[in-house]
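Dear colleague,

I am passing on the structure below, and I would be glad if you could look through it alongside the notes that follow. Please read them with the model open.

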Amino acid sequence: MRNRFTSTQKREKTVVIIAFLAIPFLLLALFSFYPAAKLVQISFTNWSGLGAMEFIGLKNYQELLRNGELLQVLFNVSAYIVVMLIQVFLALVLAIILNQSSIKGRNFFRSWTFLPYMLNGVAVAFMFSIMYDYQRGPLNVLLRLIGLEQCAIQWISGSYMTNYSLGLIAMWRYTGLNMVIFLGALQSISNMYYEAANLDGASFIQKVRYITLPSIQTTFEILLLLGFNGALQAYFEPFVITKGGPGGITDTFITKSLKYAFDFQNFGLASALAVMLVLLILLVMGVCKGILLRKGRQSA
Amino acid sequence: MRHKSLPSMMEFEKTWMKVASYGLLILVVVIVAVPLFIIVTLSFKTKTEALSSNIFSLPQNLLYLDNYVYIWTRGKLLTGFVNTGILIVTSLIGSILMGSMISFILARFSFTGKRLLYLAFLFPTVVPAITTQVATFTVVRDIGLYNTIFAGIVLYIATDIMQIYIFLQHIEKIPLAIDESARIDGASYLKIYSRILLPQMKPAIATAAIIKALMIYNDLFIPYLYMPKSSLKTVTTTVLSFVADRTSDWGLVGAGIVSVIIPTVLLYVFLQRYIIVGVVDGAVKA
């Protein structure tokens, strides 16, 4: 009697597991696993997007390495990484400031700083294409107003510096998000440590150095990981403002890969570039995970 | 995000630090506010006014609404809002159902292959959907979803499953004893899921819904790549194509930008507390 009861129960369990997981798993397989496998496959062919695929081995990868396109994209993306590092640092400084109860209007400052994160990326990109306009844009108008006529900058002229201008847009959008995340971590630090430090007569800088920073190290690493991945996958700003031009000088991995595929019908080359991006992302994640694991072992 | 009511033991002890801090904060507020101010003023300026007047000046006529009328009628912004709305509602329902079902199984059952399954669901986090677009595109095209709204719905549901992490953490906090006593009372697993777990998960569902809705509203690539037909344009792609053809008319560009950002700004004004907590949760966990 008891035996039959548990076996029907077991059957119900199996049915529930399969019924609940079948559709999600199918969707995931069709739109996530399969495309990833297909991406790798296409990267070894000269496929045009239609018709038959011809296997050409590592030729696409060789071409990307040889024609300097990969290097160009990496160089462009490095501008986003530099700006991202400044952004994380600025966010930390702002969070430390806003964590002090003696600062007035903390909620107001926090709300304002976070606001850009809420805004539509395409709208923000158009907004900055006006900000950066050479003739009439407010940035240069302001520079001329204070007598720095000769300092008026070609913000999006199409030199390499354009990548920094585009990176700054991302900074405008994400500093507030990073700050709020830091703030959450700061507020979970027990006041006990600071009290003890006060008794020892520690200065503000010493408290930041020896209590605050070590306590939020994990948050710091998560934000750097997110930042690196975000910079590697940047596309909104160049896609809307420069289309990656002129001559690929503002192309990122994503804009370049889409260009190969949909403008030049070279799905093979596009996939090879995308595979390289995935490998880079995995490398960054691996390094971060390695750091976290080593730290875990040390503290154990 | 709670602020401690106790005075923090972590305070500046020097006046110059405090002064510099306020200076920095005010600078940040100005940097955030000025572009928005300029865009709003531009949206009320005529084309010639936008060209000739000082960029920092207020519009001559605050009731000049032609730019808005033009972009909403000729630009078909309403269609964009309808399509975005459909995408958000359907994808949210799908995502929440799928995410909560997966989380329910992963959190409450033990079976062989569970660990492998867990890793499988981790996959989209490790290989972001945007990197595989070239291949995903051919899949969507081959199964006939290209240029249909289902392309967007299916991709939003299938390629972004960050809600699972939020749900899993939440379910773990719901005591197992509730499930067990329901089992003893003869409730089926389906009943436990729909009558006990789902209602308990409301806060986690709200968090995930906010993040995903924001993500879909702001997304560019899925509508751009998979739904280029003009009747399927979303808010983002409508503005992208309409404004990109008229970038010299700054009044119009301004009206386009303001129209697009108003909904999320309003959402932020009313639900700020939940949004910040939700977004932070989602960003750190996923």
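Helix H11 of chain B, residues 202-218, has 17 residues that at 1.5 Å a residue should span 24 Å, and its end C-alpha atoms are indeed 24 Å apart, so expectation and model agree. Please keep in mind throughout that this is a predicted model. Of the 17 residues of H11(B), 13 are buried, so the helix is largely enclosed by the rest of the structure.

One of the residues of this helix takes part in a salt bridge: the side chains of B:Lys212 and B:Asp160 meet with an N to O distance of 3.6 Å. Because B:Lys212 lies in helix H11 of chain B, while B:Asp160 lies in the loop between helix H7 (149-158) and helix H8 (163-173) of chain B, the pair ties together parts that are 52 residues apart in sequence. Are the two partners buried or exposed? B:Lys212 has a relative accessibility of 2% and therefore counts as buried, and B:Asp160, with a relative accessible area of 18%, is buried as well.

The interface between the chains comes next. In chain B, 104 residues are in contact with 102 residues of chain A, and the two chains bury about 9500 Å² between them, 77% of it on carbon and sulfur atoms. Between chain B and chain A there are 13 residue pairs in polar contact, counting pairs in which both residues are at pLDDT 80 or more. Helix H1 of chain B (residues 15-43) supplies the largest share of the side of chain B that touches chain A, namely 17 residues. Sorted by class, that side of chain B has 78 nonpolar, 17 polar and nine charged residues.

How many salt bridges join chain B and chain A? The count is two, and in one of them A:Lys38 pairs with B:Asp142, the closest N and O atoms being 3.9 Å apart. B:Asp142 also forms a salt bridge with B:Arg141, where the closest N and O atoms are 3.8 Å apart. With a relative accessibility of 53%, B:Asp142 counts as exposed, whereas B:Arg141, at 24%, counts as partly exposed. You may wish to note that both of these distances, 3.9 Å for the pair with A:Lys38 and 3.8 Å for the pair with B:Arg141, are to be set against a cut-off of 4 Å for a salt bridge.

B:Thr264, which is found in helix H14 of chain B (residues 250-285), offers a closer view of a contact across the two chains. A polar atom of its side chain lies 3.0 Å from the backbone oxygen of A:Met118. Not counting residues up to four places away in sequence, B:Thr264 touches A:Met118 and A:Leu119 as well as B:Leu214 and B:Tyr217. Its relative accessibility is 4%, so B:Thr264 counts as buried.

Over all chains the structure holds eight salt bridges. Within chain A, A:Glu69, A:Asp251, A:Lys256 and A:Lys259 are linked in a network of them. One of the pairs is that of A:Lys256 and A:Asp251, whose side chains meet at 3.6 Å, N to O, and both of these residues are buried.

A:Thr252 lies in the loop between helix H11 (236-242) and helix H12 (253-263) of chain A. At 0% relative accessibility it counts as buried, and its side chain reaches the backbone oxygen of A:Ala234 at 2.6 Å. Leaving aside neighbours within four places in sequence, the residues in contact with A:Thr252 are A:Val73, A:Val77, A:Tyr80, A:Ala234, A:Tyr235 and A:Pro238.

The last residue I would point to is A:Ile56, placed in the loop between helix H1 (2-43) and helix H2 (59-66) of chain A. A:Ile56 has a relative accessibility of 18% and counts as buried, because the limit for that class is under 20%. A:Ile56 and A:Asn46 are 10 residues apart in sequence, while their C-alpha atoms are 6.6 Å apart in space. Apart from its neighbours within four places in sequence, A:Ile56 is in contact with A:Phe44, A:Thr45 and A:Asn46.

With kind regards

Conventions:
Residues are numbered from 1 along each chain as its sequence is written. Chains are lettered from A and ligands numbered from 1 in the order in which they are written. This is a predicted model: local features need pLDDT of at least 70, side-chain atom pairs count only at pLDDT 80 or more; totals for chains, interfaces and linings use all residues. Side-chain values use heavy atoms; hydrogens and water are left out. Contact means heavy atoms within 4.5 Å. Buried area is the accessible area (1.4 Å probe) that two parts lose on being put together, summed over both. A polar contact is a pair of N or O atoms within 3.5 Å; within protein, one must be able to donate a hydrogen and the other to accept it, and residues adjacent in sequence count only if both atoms are side-chain atoms. Helices (H or I, at least four residues) and strands (E, at least two) are DSSP runs, numbered from the N terminus. Ala, Val, Leu, Ile, Met, Phe, Trp, Tyr, Cys and Pro count as nonpolar, Asp, Glu, Lys and Arg as charged, and the others, Gly among them, as polar. The expected span of a helix is 1.5 Å times one less than its number of residues. Buried means under 20% relative accessible area, exposed over 50%, partly exposed in between (1.4 Å probe, protein chains only).
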